[in-house]
Amino acid sequence: MTLATQLWEPRSLSLETNDWQQVGPVMEGLAVNGGWAYSSWYRSAAASDQLKGNIVAFNMKKLNKYQAQYLSPRSYLYKKLSFGKFKSYSQNVKVSPYMRLGHGQSLGASSKYIYVLANENKLPGGASNGFYSEEILQLKKSDLTINKVWSIRVDVGSSGRYFYNAAFAGDNTMYGVFHNAAFGRCEFWRLNLVNNRWQVSQVTATQSHFVKQQAGSSPVQGFSVSGSNMYLAFNNLIFKLQTDGTYQKTWKHVSNREIEGLASDGSQLYAQLAQRGEILSGRW
């Protein structure tokens with residue numbers, strides 16, 4: 001597989017002095033549909049800021065993949081866009097209201113809506129909520145505002161399955177990946193929307209970890225589902241599996257940047273790289 005630059009993202013999309021509502025520079029998740037890329041942006045990598053941010057949408061068909069980075073108003077950029085090009089590019093970029101996105105790596109896009117699994121909920125006082133509920137947000141593509149919110153919780157006996165990474169396949173199906181450190185495996189679960197209620201079933205579980213890791217950690221940094229394939233990203237690795245869990249291939253890239261989100265649209269695979277933000281695309 002060869003991944004090539006699809007879009008160099010601006011480092012920021014807010015005025016230099018607008019610290020209270022800064023858009024960027026930390027990019028996390030990614031979804032792609034119909035030539036539009038949707039990414040979750042945060043003001044910093046600090047845990048206190050990771051829960052809330054903005055969804056930023058780029059019409060990649062209308063943006064020069066290198067010049068789009070100059071939409072940023074930062075004074076240190078050596079190149080500036082002409083006003084005409086700035087106006088044209090701005091009409092092909094959307095920014096959502098500031099909202100709670102969780103970790104931000106669980107995005108999806110259908111022909112009508114954007115989906116976000118807002119996880120990492122906290123109990124009163126800031127303590128982790130363990131295996132309590134998560135929220136699925138449905139955003140309108142027109143203005144990236146919330147259209148619907150569902151609360152989900154997956155119980156398994158006396159414990160639960162809390163998804164830090166999820167992928168959406170259309171408007172009615174979500175896949176969640178759960179790292180079960182106690183059993184040394186990853187579990188894949190499917191949730192289907194039936195009569196406005198998300199019904200859950202387990203798809204499969206791996207026989208071991210994908211990568212060597214510290215006990216209890218979950219290093220998945222990107223998850224996507226397309227057709228009969230699932231894709232997982234760990235730092236600089238991408239694994240390809242069938243939706244029944246059968247392993248297929250591994251791909252490794254050397255860019256000195258981590259993958260921070262995966263997306264697939266048909267046969268095209270997209271990867272979001274960490275700072276500086278860059279979207280790559282290719283076919284396996």
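**Exercise 1.** In strand 10, which residue is the bridge partner of Ile136? Find it, then place the pairing in its sheet.

*Solution.* Keep in mind that this is a predicted model. Start with the residue itself: Ile136 has Trp150 as its bridge partner in strand 10. Glu135, in turn, bridges to Ser151 of strand 10. Now zoom out to the strands: strand 9 (residues 134-140) pairs with strand 10 in the antiparallel sense, over 6 bridges. The hairpin they make has 5 residues between the strands, and there Leu144 takes a positive phi near 60°. Last, the sheet: it is open, has 4 strands in the order 7-8-9-10, and its pairing is antiparallel. Strand 7 (107-109) and strand 10 (146-152) are the edge strands, each pairing on one side only. From one strand to the next, the twist averages 15°.

**Exercise 2.** Work out how the rings of Tyr162 and Tyr164 pair, then do likewise for Tyr231 and Trp284.

*Solution.* A search of the whole structure turns up 9 aromatic pairs. For Tyr162 and Tyr164, the centres are 5.4 Å apart with 65° between the planes, an edge-to-face pair. Tyr162 is buried because its relative accessibility is 2%, while Tyr164, at 34%, is partly exposed.

Next, Tyr231 and Trp284: centres 6.2 Å apart and planes at 20°, so this pair is stacked. It links distant parts of the chain, with Tyr231 in strand 18 (residues 229-234) and Trp284 in the segment after strand 23 (278-282), 53 residues apart. Tyr231 is buried at 8% relative accessible area; Trp284, at 27%, is partly exposed.

**Exercise 3.** Which ring does the charged end of Lys94 sit over?

*Solution.* Look at Trp36: the charged end of Lys94 sits over its ring, 5.2 Å from the centre. For another case, try Arg185, which lies over the face of Phe183 at 4.9 Å from the ring centre.

Note on methods:
Residues numbered from 1 in each chain as written. Predicted model: local features only at pLDDT ≥ 70, side-chain atom pairs only at ≥ 80, totals over all residues. Heavy atoms only, no water. Pairing = 2+ DSSP bridges. Helix = DSSP H or I, 4+ residues; strand = E, 2+ residues; numbered from the N terminus. Axes fitted to C-alpha atoms, helices over the stretch in contact; angles between N-to-C directions. Phe/Tyr/Trp six-rings, centres within 6.5 Å; stacked < 30°, edge-to-face > 60°. Buried < 20%, exposed > 50% of the residue type's maximum accessible area, 1.4 Å probe, protein only. Lys NZ or Arg CZ within 6 Å of the ring centre and 35° of its normal.
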